[in-house]
Amino acid sequence: MLIKSFDEYKQVYDYSIKNPEKFWDEIAQNFYWRKKWDKVLEWNFRDPNIKWFINGKLNITENCLDIPAKKHPDKIAFYFEPNHPDEKSYSISYKELLEKVCQAANALKELGVKKGDRVAIYMPMIPEATIAMLACARIGAIHSVVFGGFSAQSLADRINDAECSILITADAGKRGNKIVPLKQTADEAIKSTHSIKKVLVLKHTGESIAFDNQRDVWWHEIVPQQKTFCEPEVMDSEDMLFILYTSGSTGKPKGVVHTTGGYMVYTAYSFLNVFQYEPNDIYWCTADVGWITGHSYIVYGPLLNGATSVIFEGIPTFPDAGRFWQIIDKYKVTHFYTAPTAIRSLEAFGTDIIKQYKLDSLKVLGSVGEPINEEAWEWYYQNIGKGKCPIVDTWWQTETGGILISPLANITPLKPSYATLPLPGIIPVLVDDKGNEIQGNNVEGNLCIKFPWPSIIRTTYGNHERCRQTYFSTYENLYFTGDGCKRDQDGYYRITGRVDDVINVSGHRIGTAEIEDAINQHPDIVESAVVGYPHPIKGQGIYAYVIPTKEIKDVKLLHKEVNDLITKIIGPIAKTDVIQVVSGLPKTRSGKIMRRILRKIAEGETYNFGDTTTLLDPSVVDEIKQAKLKSELR
Ligand code: PRX
């Protein structure tokens with residue numbers, strides 16, 4: 001499976017495009033299947049209907065756990081590094097991980113979970129989060145992990161959408177000097193759900209929590225006494241493995257569905273090739289399992305390759321801004337995968353703190369989640385990689401399941417801020433707004449993918465039509481990513497950012513409509529419009545224009561109230577950076593807000609707003625612009 005040179009990459013890519021089914025058939029042979037597939041692929045992007053490894057039977061956890069545990073039982077699967085360096089760190093071998101997953105799986109069975117049931121997981125970044133996910137997969141239950149930073153309402157929405165019967169959570173989590181009251185939030189969420197029958201609670205921080213003896217079950221009272229083996233449920237390739245909610249341009253977040261066989265093959269293949277992982281390497285991805293990066297490149301991809309990874313509960317700046325670098329030295333991390341926003345925020349602390357650490361174990365650096373600007377790329381390359389570690393700028397999405405465009409470490413010649421070239425099997429195309437394919441190089445357009453890959457989204461949970469409309473209806477016969485992209489003279493791809501109403505804040509994807517819905521619940525606000533604007537650390541910041549019901553005397557207070565409301569409804573990640581009170585919004589005669597203009601004003605543009613002739617009341621633009629300028633002068 002491992003590509004070893006750039007020439008080989010070119011050959012493999014060419015072969016994969018000409019013979020995709022043969023190519024993926026050969027890759028899939030590297031895994032353990034209870035029964036091989038009858039046919040590699042059936043697809044159309046019209047419905048869409050995409051099936052990989054048809055009639056193949058397997059359980060992904062046998063490939064993640066049983067096989068590596070047999071091959072090297074004592075090899076470390078995870079090193080756990082706690083929030084504070086003085087707390088206890090520990091490691092889990094493959095044999096131990098298999099046993100722990102089996103015990104958790106048996107406990108879930110005892111709680112009544114069956115194949116096909118949905119299980120919500122709302123946990124801190126600790127090994128039990130991973131164990132819970134794998135335990136679901138072991139018994140054929142579908143996990144739906146909800147990031148621990150989301151609010152009670154967000155959690156409730158996700159539980160309700162998938163009708164989860166069990167929630168797995170912890171008393172609380174730790175993030176720097178903050179305690180995250182997970183159980184308290186979960187209790188609040190469950191009040192507005194109807195499907196949860198049992199809550200499995202891990203004692204992690206020892207915080208005192210409310211406990212409902214009928215409904216709540218302590219992890220330590222049910223998991224450790226279970227048998228250490230659980231017979232894996234035999235799944236079909238196309239059985240659902242998990243649901244993960246993500247934001248889009250409209251409506252509430254949707255549940256992206258990934259299935260078993262194709263997701264396994266693609267995450268394993270992409271992990272191995274992008275990172276060029278070798279057996280004794282120590283890999284560390286700083287993401288949270290609440291996001292797709294955690295699913296594919298903390299849990300499934302690395303385990304499928306028998307890798308050793310670090311799991312870290314804390315944050316980069318606690319107890320000080322050297323925490324990441326200290327962890328790299330402590331575990332002799334060879335592969336470090338993080339987000340540009342983390343790089344930029346650590347850059348702000350200067351290089352003296354870095355000089356206290358060796359960082360000489362590093363071989364490969366990775367970036368994910370948002371475009372990495374050239375300056376941050378150079379800083380990362382020189383100061384962390386000491387000019388000798390390639391940076392794999394990996395472009396992908398929740399919906400793609402795995403990395404689609406990225407350098408292969410030490411193989412693909414790099415270019416700062418470019419995700420470079422597609423992985424084997426991936427056919428990116430750029431299209432204009434009418435959907436015409438833009439040929440040649442030195443061009444820019446909307447990024448689409450022309451042919452399915454094994455870990456492509458299959459549906460949006462409970463609403464297939466939404467999946468079709470969102471990804472497959474904008475351009476005929478193409479998967480539309482929602483991203484803008486350039487292709488340079490060498491055919492290299494550079495992602496320029498979202499072209500839809502989605503904002504990428506610190507690598508977190510948030511729909512403007514979701515934020516507006518939350519803001520509009522403020523009693524003094526009639527209407528709002530939210531746009532992203534360039535932010536030096538977060539990549540994009542959130543700028544909200546609000547129309548009040550009455551004169552606002554204290555805008556600062558209003559801003560605080562709006563952010564409190566957003567925190568309550570969505571979570572702190574969606575808090576606004578700027579709020580501007582306006583008397584009207586630039587709308588077309590058909591009532592559509594022209595966000596393009598609002599974006600320009602938020603960016604500081606004072607002059608060039610493009611065509612404003614379709615506006616119902618063009619004077620609004622001037623008014624908003626003047627008010628912004630005035631507030632800046634103050
Ligand atoms: O805009 C792209 C950006 O993140 C979006 C996907 O977000 P999400 O589904 O939350 O997954 C994030 C982790 C894979 C994309 O549509 N994005 C992701 N990686 C990159 C990126 N933009 C530029 N460069 C990247 N490497």
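This report covers the ligand site, one open sheet and the residue His535.

## Basis of the model

The model is predicted: local features need pLDDT of at least 70, side-chain atom pairs count only at pLDDT 80 or more, and totals for chains, interfaces and linings use all residues. Residues are numbered from 1 along each chain as its sequence is written, and side-chain values use heavy atoms, with hydrogens and water left out.

## The ligand site

The ligand has 17 residues around it. Here a residue counts as near if one of its heavy atoms lies within 4 Å of the molecule. Asp393, Thr394, Thr398, Asp483 and Arg509 come nearest. By class, the shell holds six nonpolar, six polar and five charged residues. Ala, Val, Leu, Ile, Met, Phe, Trp, Tyr, Cys and Pro count as nonpolar; Asp, Glu, Lys and Arg count as charged; the others, Gly among them, count as polar.

Several polar contacts reach the ligand (pairs of N or O atoms within 3.5 Å; within protein, one must be able to donate a hydrogen and the other to accept it, and residues adjacent in sequence count only if both atoms are side-chain atoms). Asp393 places a polar side-chain atom 2.8 Å from a ligand nitrogen. A side-chain N or O atom of Asp483 is 2.6 Å from a ligand oxygen. For Asn504, a polar side-chain atom lies 3.3 Å from an oxygen of the ligand. On its own the ligand has 530 Å² of accessible area, and the protein covers 96% of it. Such areas come from the Shrake-Rupley method with a 1.4 Å probe; for residues, only the protein chains shown count as cover.

Helix H10 (292-304), strand E20 (391-394) and strand E25 (493-498) each give two or more residues to the shell. Helices (H or I, at least four residues) and strands (E, at least two) are DSSP runs, numbered from the N terminus.

## The open sheet

Four strands form an open sheet in the order E21-E22-E24-E25, with antiparallel pairing. Two strands pair if DSSP finds at least two bridges between them. Strand E21 (428-431) and E25 are the edges, each pairing on one side only.

Strand E24 (residues 479-487) is joined to E25 by five bridges, and the two run antiparallel. Gly484 stands opposite Gly497 in E25.

## Around His535

His535 is found in strand E28 (residues 525-535). Its side chain reaches the backbone nitrogen of Ile537 at 3.1 Å. A polar side-chain atom of His535 also lies 3.0 Å from the backbone nitrogen of Lys538.

His535 touches Gln540, Gly541 and Asp577, leaving aside residues up to four places away in sequence. Contact means heavy atoms within 4.5 Å.
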